[in-house]
Amino acid sequence: MRKTIIYNLLAAVILCLSCYSCSLDEYNPSAGDATESSFNTWSGLLVQCYTPLYDQLFSASDFLYVSETGTDLWLSHNDNDNTKELYYYESLTTSTNPTNKLFKQAYSVITTCNSVINGADQVQGGDSADINEMVGEAKCLRGYYYLLLATYYGPVTLNLESAGATPDLTPKRNTIGEIYSQIIKDLTEASAALGVTPQGGIACRVTKKSALGLLARAYAQGAGEGLKENGVSYWQRAKEVAEDLITKGASYNAVLYDDVAEVWSDNNNRNNKEALFFASGPVSGESDSWNYASKSNKLFSYTYCDPNSLPELCITKNKQNYFYGRVNNNNFAPSRYLVHCFDASWDKRWENSFTTAFANFSMVQPGWMSYDDNIVTLTAAICAEYGIDPSHVGEKIYPYADVNATPATFGGNQYEASVWPKGVHTGDVSKLEPTEKVYVNPYPLAPDEDRFAIYLSKDKLSAAEKAARRYCCINIDDLFASDGRYLKTTTDWVSRQGLNNSGYKLFPSLSKFNVSHFGMNYGSNLQIKQGDMFIMRMAEVYLIAAEAEQQLGNGSKAATYLNVLRDRAVREGATKHDLTSATEQDVLDEYARELCGEFNRWALLKRHHAFEKVLPSSNPRAAASFNPSIDYYRPISYDFLSQIDNAEEYGDNGYGQTGKSGLKGFLNK
């Protein structure tokens, strides 16, 4: 049985052909030539090196679970057991699907990268400058994939051989130092070879700033392993690369937006200046290239709650919600720590990261749903059920948005939302207002607001303050039990609130993956929205610079980098809250505010050896199960171990499939 799947990673691991939901093997316009030395075929191999980025890593939930859960930022909705292995380190094994898949996805195209790099000298045709730059692309991508493997799985096998060799079924691990040395070499050489603009003008291809950003990240992650380069700490190297990218940003075309709201504007999604490296989603519209791309991004549905849990107030059923989308996977609920990280009185990253006010919508523009169809009239029963003061009986809650349905030849209808101005109740589409990001709600929500049905308030509202509003108000802190876990049952909620409704099913909803813009919908499936996905953006470089300076003992210099991010997040009219010196906790907190949900947190806590410190107060269920002798590494893939002949020698990182961990002797620097 083992021989029925081709594992084509010499001295390494498996090439798992089932990794891709839609592979470029199915459509590769650059690979029409029969010989690998042909420029067309060789360049087609390079295209394949990008395949896992959007096809799997940044459109399926698996990598989000591996990279963000089990940390201080996220808890499972209603403290449920969904993916408890990763949220809470309960029963995590080599066959846990997300960790098993990530291992295979990261390794799946490394030999393809190797073939591009090793075969460049034999390429026939093509311009030599283009070939050199494309080799740089392959090195950048190989460095990235190995950084994933080293971060999450520790010392694995370093393979630099091309595809096509006889599989080695007795692979050996390399030391963590050897792996990072290769990562640094690849990214350094890539940064020298790559141009400032993407090769061929294709925006999603890596450039010089991509390689430099990843190099800074790699140095920071390796610093957490205690690594040095020629006797110099990796923290110093991280500082140098990050500061170079910041000070020479214009020459690298590396941009930090002046206003954090611009980062998340849907208008900027397809051409985001802050992106250093991104996974390109399929573009609905008139091009048939849409047919050849993976159409599977449901991440927004995992990070949103379902406001239809309160059906008397949000009256459009989930499957027909053309405004929010079909949010039926709701599981990523922010921890109390993450909620409290934001001081929303000045920091507009709060509403630019989380949707906390939920509304109904109309579809007047396409003629599908009149303005009056989704007006809610408050009755005595509704007010009693949701704790709305009875003085509001007879008042109306009006739609907040109107959703158009614009046909597209490829991708189906495109659902773009505009906003009904406050106080305008005519249903006249000429009054609609466009918005940069429709899921960014007004903050704070005004007491006389009549377009929202539910409000999760970060600030604790008194009974009198709630009574002044016609919408259901829930204090976010009331969603948590005393130990910081989410309330689990209706009984818990009734005991806390004295109201028999389903308010406990709600939570502040990460809006970073939710989009409402032409070209980003898959019209026949409201679970899917297809915007481009950040892999790294310029804000992270400022965070790395601050992190490295703080680790090197320069707290005041670290603060200057954090303050750049804090200053651009200050809401109009608010006072700046600059730091004079930054502690390690200040750095961790700023990462949380800026990058929550962006596939970063687990790696950050690992390199700071911070799990034991942060989990007890932020994620007590995880703290109870976290085993520092094992859980600083994810389990080696079950599928990989089942295919090799020396599984016992290789080890599974301590998770019980093999008798040995396999780590001994490979953590030396």
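Two strands pair if DSSP finds at least two bridges between them. Strands are DSSP runs of E, at least two residues long, numbered from the N terminus. This is a predicted model, where local features need pLDDT of at least 70 and side-chain atom pairs count only at pLDDT 80 or more. Residues are numbered from 1 along each chain.

**Exercise 1.** Find the strands that pair with β13 (residues 454-457), and give the direction of each pairing.

Solution.
- Step 1: Four bridges join β13 to β14 (residues 472-475), and the two run parallel. Ser 457 has Asn 475 of β14 as its bridge partner.
- Step 2: β7 (residues 357-358) pairs with β13 over two bridges, in the antiparallel sense. Here Ala 357 stands opposite Tyr 455.

**Exercise 2.** Sort the residues of β13 by the way they point, and state whether they are buried or exposed.

Solution.
- Step 1: In a regular strand the side chains alternate between the two faces of the sheet.
- Step 2: Ile 454 and Leu 456 point one way; Tyr 455 and Ser 457 point the other way.
- Step 3: All are buried, that is, under 20% relative accessible area with a 1.4 Å probe, protein chains only.

**Exercise 3.** Work out which strands stand at the edges of the open sheet β8-β11-β12.

Solution.
- Step 1: The sheet has three strands in that order, with mixed pairing.
- Step 2: β8 (361-362) and β12 (414-419) each have a single partner strand, so one side of each lacks a neighbour in the sheet. They are the edges.
- Step 3: β8 pairs with β11 (residues 401-406) in the parallel sense over two bridges. Ser 362 has Asp 402 of β11 as its bridge partner.

Technical notes: Heavy atoms only, no water. Buried < 20%, exposed > 50% of the residue type's maximum accessible area, 1.4 Å probe, protein only.
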